[in-house]
Amino acid sequence: MQDSRVAPENAAAEREHPAGTTDSAEKRGTQDTGHATPAPIRTTPPAEKSEEHEPDYPTGLKLFMIGLGLCFAVLCSNLDRSILGVATPQITTEFGSFGDIGWYGSAYLLTSCCSQMFFGKVYAHFDVKRIFLSALAVFEIGSVLCAAAPSSDCLIVGRAVAGLGATGISTGALLIISRSMPVSQRPKYTAMIGAAMGVRLPEKSRQDKAISWAQFARKLDLVGNIILLPAVVCLLLALQWGGTIYAWNNWRCILLLCIFGVVSLVWAVIQVRGGDNSTVPMRLLKIRSILAATWFAFCIFGMLFIQSYYVPIWFQAVGGDSAYTAGIKLLATTAEMTVFFPIAGLMTTAMGYYVPSMIAGSVVSAIASGLMLRFGVGTSTAYWAVALVLSGVGFGFGGQQCMMVPQTILQGDDIALGTSVIMFAETLSGSVFLAVSENVFETRLMRELTVRAPAANPAAVIANRASGLRSAMSKLYDPQTVDGILDSFVEALQPVWITGLVLAALSLIPWRDTVMIPDSAPIRVAISGGGLAGASLIRALLKYSHIDVHIFESSAAFKEAGMAVGVTRNALAALDLMGSSAAQCLERAGAVAMRGVRMLLAEGAGAGSVIDEADYTTSGGQRLTSIVHRADFLRELLADVPQERMHASKKLDRVEEGPGQSLTLHFADGTTHECDILVGADGIHSTVRKLVLGADDPAVSPRNSGMWTAMTLQPYAAAQASIGEDAVNFDDPYEHVWVGRASFLIHNLLGNGQLVQFVIAAKEDEAEGSDRWVRTVSAEEIRKTYQNWPPHLVKAVDSLLCQQPEHPAMYLWEHHIPARTYVSGPIAIMGDAAHATTPWQSSGGGMSLEDSLVLSTLLGRATTPAEARLALQAYDQVRRPRTQRIVESSRVTGAILTGADGLAQPYVKEPGTLLRRWDFIIDLDVEQHAKEAVELMDQLKREGTA
Ligand SMILES: Cc1cc2nc3c(=O)[nH]c(=O)nc-3n(C[C@H](O)[C@H](O)[C@H](O)COP(=O)(O)OP(=O)(O)OC[C@H]3O[C@@H](n4cnc5c(N)ncnc54)[C@H](O)[C@@H]3O)c2cc1C
């Protein structure tokens with residue numbers, strides 16, 4: 001038996017498709033089987049044209065005050081980060097604490113890094129303004145402790161407290177920006193970070209959500225955060241001691257590194273298993289742009305921290321400058337940063353891309369780091385000034401722009417989490433590379449001193465390494481030894497500069513993976529149809545600011561009729577890849593993850609035996625399927641879609657090509673809408689399919705498969721009483737599939753386990769190929785169909801479906817003739833409009849989600865309407881073969897599951913083989929599938945420009 005299994009079609013959720021109408025959703029709402037409650041979501045009043053307006057963002061003076069306040073707060077925390085580099089040599093001289101240098105920077109960065117995720121989570125769950133102000137207070141307390149510190153130890157504690165507050169300030173500032181203005185405005189404001197004064201945050205605080213302390217601790221990943229701290233401390237201690245105080249092979253160093261390794265491993269396991277509650281949610285790192293931005297931040301900030309600590313040391317120790325003079329000289333870097341942060345922000349806003357600024361940042365930083373390799377005794381002012389200015393320009397270009405990535409591609413609470421992940425990388429890199437630099441510097445200095453200044457006492461040299469080294473050494477040693485000491489310093493700084501150079505170069509690596517987001521010339525995309533396909537597509541497209549997407553639904557409300565839909569592993573993966581919050585939709589919609597699926601024989605010899613079975617554990621811990629209420633799922637998919645982009649009562653009637661290859665959509669109410677790309681997600685009766693294939697194409701019409709289905713949704717307790725406690729058990733949720741003779745039954749759980757869906761289906765040969773969409777089935781016919789089934793199911797069918805004389809039922813339809821294409825020029829079809837299928841393999845909705853992922857990924861890469869057409873072509877070529885194979889497979893599976901023509905017999909005779917029919921569907925590497933589509937689009941682009 002293969003281990004990658006999933007539930008078969010639960011044939012569950014119901015829809016009705018009255019013949020002769022294209023407005024199926026509305027009809028489904030009224031002709032539903034009566035058990036589901038269609039959930040209207042939002043509608044917009046009919047409008048002549050789609051008008052953009054930004055919701056609820058503060059403007060004018062209020063926005064200015066927010067900006068100003070944030071600027072002041074962030075200025076303080078950033079100043080605190082960098083100012084210590086200049087003051088460190090003086091401080092160590094005063095406290096006689098040269099061994100603590102690494103800790104001054106690292107203590108700040110360590111608490112900063114370990115609390116990064118904590119703040120990300122806290123901001124995601126509590127009132128942003130209060131948390132921001134509390135962080136500011138903590139930062140001030142830390143700063144006062146530092147200012148009044150009587151000893152080196154007290155200073156380190158103060159630095160740690162200040163680091164904690166500073167993290168809350170910077171994470172909060174970016175979050176406040178993301179909630180105070182539209183994405184197109186964020187780059188320039190991110191560059192001029194601003195404040196909390198009078199902030200009215202559009203998103204309500206979630207403090208009112210009642211959560212227990214245990215949940216609270218889990219949500220904040222307290223265990224993960226507590227574990228991370230000792231891990232990093234062990235690493236820093238090992239780096240501080242190794243090769244300087246103790247040899248690297250000393251047991252202390254080895255022990256520290258071992259503890260670091262083991263604890264880090266435990267932390268990593270906690271992160272992987274913690275899902276969304278972990279400090280670094282893996283699903284965020286799976287988004288390549290976030291991973292790329294995290295890597296970029298790790299490298300570029302590592303370089304910055306190294307330079308901001310060691311350039312002052314070079315000025316003071318080798319150049320003989322005072323801390324004050326070194327600070328003034330360092331302004332060459334900080335002033336450029338201050339100038340280039342906003343320039344980069346404006347550049348990104350103007351170009352609509354943040355990647356060019358990041359690339360420029362890496363390149364210029366690498367040049368600056370390279371120039372530092374020539375820092376020596378007597379380096380000219382012009383030389384060091386150029387190096388420092390370039391360093392500031394480079395960091396100014398790139399440093400803030402990586403923060404644009406989560407703000408641009410994530411939504412809702414994920415922005416805070418994504419920002420925290422990147423800032424975590426920044427601070428972790430700072431604390432690690434400061435310790436690394438300190439280690440390589442001291443080790444090399446010792447070595448160089450023995451060669452270049454053998455007469456010098458290394459301890460005395462290091463104690464005076466701060467300001468005035470030359471004059472202090474001149475009092476102790478002859479001029480030749482003093483020169484040797486200074487040369488040793490210059491040489492010892494070489495590995496430090498090289499580390500910075502390598503980091504700057506490494507920051508360039510992931511730029512190809514960072515989404516290029518243009519927003520100056522939006523591509524106008526219109527989606528016709530607001531079912532699962534259309535809703536998931538608009539959600540996926542919203543993250544691209546260069547796509548102006550609108551969705552048009554013929555019904556008066558965006559709603560789903562029917563009961564449950566099974567979201568199989570491949571569909572879950574597609575949701576994950578579309579963005580974290582898409583996957584969270586399922587959770588919020590009360591989806592129940594099935595532990596397993598069991599397929600049993602209902603009639604004939606061997607009735608009651610298991611034909612096939614799979615569960616979570618036999619699938620190697622991989623997810624199988626989650627059952628979700630359709631209306632709840634649709635509501636959550638559309639929850640974050642701005643109202644002005646959703647248009648109800650807009651039945652697409654016809655489409656005209658306008659000037660410049662644009663399209664004019666004409667709606668039944670006489671209104672129009674202009675777009676560049678039209679995606680038909682208008683279901684099995686698709687109007688757009690006719691446009692793509694031509695009204696006379698035989699593949700335009702779907703076909704009645706000759707099977708009807710009836711279903712009911714019952715409260716958990718009632719269903720359990722009818723079906724039996726073994727079969728209906730929320731603690732061990734299994735989907736049960738019963739294969740009969742020309743009949744079928746399935747039941748599963750949804751609604752957070754509060755509801756049970758119970759579905760029957762049967763073959764009706766004379767209906768096959770007819771134009772009938774719905775029928776009623778009498779209690780008598782149902783009883784007769786199921787009379788030879790196991791007694792407990794006969795009883796369940798009777799009590800759940802036969803209490804009324806008649807029950808509504810629907811026929812299952814499919815696109816029996818495959819479409820020759822899904823695309824014609826700027827028009828494409830997706831979901832049931834492209835590949836309506838019988839529901840036997842739980843795949844119609846899953847295919848829609850895969851369509852949305854692939855289509856949105858491709859459109860997201862298009863920068864012009866012409867490229868968007870190429871995106872559609874790539875979509876067609878990649879999606880058509882797979883989806884049409886699934887439609888055909890589902891047709892055959894239906895015959896097997898209803899026991900028609902003895903097709904089930906081979907599977908009954910050889911148990912453990914039936915579920916293999918699902919393998920090619922659920923085992924798809926969805927990410928790779930989307931990647932193939934992207935490669936194809938790139939190829940089409942190359943061919944087009946060749
Ligand atoms: C009984 C049954 C059980 C199923 N079970 C599963 C399952 O377990 N798992 C699974 O993955 N899939 C399942 N499916 C399939 C799945 O439900 C569909 O594939 C999916 O809902 C298709 O979504 P869609 O958005 O493409 O189409 P629809 O949901 O039909 O939405 C199309 C929308 O377009 C609107 N529209 C139509 N014409 C126009 C127009 N001219 N202008 C504007 N709007 C228009 C309609 O009103 C409707 O809202 C099942 C299907 C059935 C019938």
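Colleague: Aspartate 876 and arginine 880 sit four residues apart, about one turn, within helix H30 (residues 865-897). How are helices and strands assigned and numbered here?

Modeller: They are DSSP runs numbered from the N terminus, where a helix is a run of H or I with at least four residues and a strand is a run of E with at least two. This is a predicted model, in which local features need pLDDT of at least 70 and side-chain atom pairs count only at pLDDT 80 or more, whereas totals for chains, interfaces and linings use all residues. Residues are numbered from 1 along each chain as its sequence is written, and side-chain values use heavy atoms, with hydrogens and water left out.

Colleague: What makes the contact between aspartate 876 and arginine 880 a salt bridge?

Modeller: The term requires a side-chain nitrogen of Lys or Arg within 4 Å of a carboxyl oxygen of Asp or Glu; the N to O distance in this pair is 2.7 Å, so the criterion is met. Side chains of opposite charge can pair when their charged atoms come close.

Colleague: Why is aspartate 876 called buried?

Modeller: Its relative accessibility is 7%, and buried means under 20% relative accessible area, with exposed over 50% and partly exposed in between (1.4 Å probe, protein chains only), so aspartate 876 counts as buried.

Colleague: How many salt bridges does a search of the whole structure find, and what can be said of arginine 630 and glutamate 560?

Modeller: The search finds 33 salt bridges. In one of them, the side chains of arginine 630 and glutamate 560 meet at 3.4 Å, N to O. That pair links distant parts of the chain, 70 residues apart, with arginine 630 in helix H23 (residues 630-638) and glutamate 560 in the loop between strand S2 (547-552) and strand S3 (564-568). Arginine 630, at 10% relative accessible area, is buried, and so is glutamate 560, at 4%.

Colleague: Are lysine 650 and aspartate 669 buried or partly exposed, and why?

Modeller: Lysine 650 has a relative accessible area of 2% and is therefore buried, whereas aspartate 669 has 39%, which lies between the two cut-offs, so the residue is partly exposed. Their closest N and O atoms are 2.8 Å apart, in a salt bridge.

Colleague: What makes the largest nonpolar core a core, and which residues have the most contacts inside it?

Modeller: A nonpolar core is a set of buried Ala, Val, Leu, Ile, Met, Phe, Trp, Tyr and Cys residues joined through side-chain atoms within 4.5 Å. The largest such set has 122 residues, and those with the most contacts inside it are Tyr310, Leu388, Ile485, Phe489 and Trp497. Its largest share, 19 residues, comes from helix H11 (residues 288-318).

Colleague: How do you know whether alanine 710 is buried or exposed, and which residues is it in contact with?

Modeller: The relative accessible area of alanine 710 is 0%, so this residue of strand S13 (residues 703-715) is buried. Contact means heavy atoms within 4.5 Å; leaving aside neighbours within four places in sequence, alanine 710 has contacts that include Phe758, Ile760, Val777 and His807. Threonine 776, 66 residues away in sequence, lies 8.8 Å from alanine 710, C-alpha to C-alpha.

Colleague: What share of the 946 residues of the protein chain counts as buried?

Modeller: The share is 60%, in a chain with 33 helices and 20 strands.
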